[in-house]
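Please walk me through this structure, beginning with a contact between charged side chains and ending with the pocket. I would like the cut-offs spelled out along the way.

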Amino acid sequence: MKKEEFKSILLENIDIELTEKQIDDFYKYMQGILEWNTKINLTAITEEKMFIVKHFVDSLTINKYIKEYKSLIDIGTGAGFPGIPLKIVNSDMKVTVIDSINKKLNVIRDLSNKIKFDNLEIMHTRAEDLAQNKKYRETYDIATTRAVSNLSTIVEYMLPFVKINGFGICMKGPNFKEELDDAKKAIEILGGEIEKIESLNVGNELERNIIIIKKVKNTPNKYPRGQSKPLKEPIR
């Protein structure tokens, strides 16, 4: 795909003003991910228009909720979504992306070096380990996740990173309501409360539900639990 076609598709699907450099960064990132995808499994979406909509446009649906803040951590970032698109449009924001699979992070490192992102931290770690580190615990304005596990598990990984009056933003698919009911106790115990839920269609291709959780009190020190307990034994 030529850059002009890429630019047209991206801009017609978002309500964000982008500089030419930002558009160029998005284009380079897509090209880089698709090139690396021939070597390691990063995404099942290889058709370029679908890539733009389902990765870039989808990631940017939460930009209006984060653009006034200074720091963000993206948990289980995979190939960099939503963390890298949010970083591109918020160049001054401190962004940390973490994942337990280092080969995916190596791709982000490679592309970050080529695009020259500033103030981007790429960490091979588990959320339950990093959240017990005082340097990272309750220091972020925003924590994000996209399509990572069930909501009860997600909030135990997210909320320990978020400072009071910050937000955890969970990007979920169509079957989120039952998860939300199951997660209410976990959200309360971990110091959060539901601020807003937004449901929308992304480029007529994807149903996206955005769950915004405000951090209203400190997370008890014992959370997140280790040994994969948030996944195996979610708070109920």
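Lys 64 and Glu 198 form a salt bridge through their side chains, with N and O 3.1 Å apart. A salt bridge here is a side-chain nitrogen of Lys or Arg within 4 Å of a carboxyl oxygen of Asp or Glu. The two partners join distant parts of the chain, 134 residues apart: Lys 64 belongs to helix H4 (residues 63-66) and Glu 198 to strand E6 (residues 192-202). Helices (H or I, at least four residues) and strands (E, at least two) are DSSP runs, numbered from the N terminus. Lys 64 is partly exposed, at a relative accessible area of 48%, whereas Glu 198 is buried, at 17%. Buried means under 20% relative accessible area, exposed over 50%, and partly exposed in between, with a 1.4 Å probe and protein chains only.

The model is predicted; local features need pLDDT of at least 70, side-chain atom pairs count only at pLDDT 80 or more, and totals for chains, interfaces and linings use all residues. Residues are numbered from 1 along each chain as its sequence is written, and side-chain values use heavy atoms, with hydrogens and water left out.

The salt-bridge rule gives a count of 13. Another of these pairs is Asp 58 with Arg 208, whose closest N and O atoms are 2.7 Å apart. Asp 58 sits in helix H3 (residues 48-60) and Arg 208 in strand E7 (residues 206-215), so this pair ties together parts that are 150 residues apart in sequence. Asp 58 and Arg 208 are both buried.

A salt bridge within a single helix is found between Lys 28 and Asp 24, at 3.2 Å from N to O. These two are four residues apart in helix H2, and therefore about one helical turn separates them. Lys 28 is partly exposed, with 38% relative accessibility. Lys 28 and Asp 24 also belong to a network of salt bridges together with Lys 3.

What of a charged residue that is buried yet has no salt bridge? Glu 128 is such a case: Arg 126, the nearest side chain of opposite charge, is 4.7 Å away. For this purpose Lys and Arg count as positive and Asp and Glu as negative, while His and the chain ends are not counted. Glu 128 is part of helix H7 (residues 127-130). Beyond its neighbours within four places in sequence, Glu 128 contacts Tyr 157, Pro 224, Arg 225, Gly 226 and Ser 228, where contact means heavy atoms within 4.5 Å.

Turning to the nonpolar interior, the largest nonpolar core has 48 residues, and Phe 6, Leu 10, Phe 26, Tyr 29, Phe 56 and Ile 169 have the most contacts inside it. Helix H2 (residues 20-36) gives the most to this core, with seven residues. A nonpolar core is a set of buried Ala, Val, Leu, Ile, Met, Phe, Trp, Tyr and Cys residues joined through side-chain atoms within 4.5 Å. A second, separate core has 29 residues, among them Met 123, Ala 131, Tyr 136 and Ile 211.

Phe 56 shows what such a core residue touches: Phe 6, Leu 10, Phe 26, Tyr 29, Met 30, Phe 51, Phe 81 and Pro 85, leaving out residues up to four places away in sequence.

Leu 180 lies in helix H9 (residues 177-189) and is buried, at 11% relative accessible area. With residues up to four places away in sequence left out, Leu 180 touches Leu 151, Ile 194, Ile 197 and Ile 211. Leu 180 and Leu 151 are 29 residues apart along the chain, and their C-alpha atoms are separated by 6.6 Å.

Thr 144, in strand E4 (residues 140-146), is buried at 0% relative accessibility. Its contacts, again not counting residues up to four places away in sequence, include Ile 62, Leu 72, Asp 74, Met 158 and Ile 169. Ile 98 lies in strand E2 and is buried, at 1%. On the same sequence-distance basis, residues touched by Ile 98 include Ile 73, Asp 74, Met 123, Ala 127 and Leu 130.

The largest pocket has a volume of about 600 Å³. Its lining has 26 residues, of which Ile 75, Gly 76, Thr 77, Asp 99 and Val 148 lie nearest the centre. Strand E2 (94-99), H7 and helix H8 (151-158) each supply at least two lining residues. On a 1 Å grid over the protein atoms alone, a pocket is an open set of points where a 1.4 Å probe fits, with protein on both sides within 12 Å along at least five of seven lines; lining residues have an atom within 4 Å of a point. Grid points are joined across faces, edges and corners, and the volume is the space filled by probe spheres set on the points.
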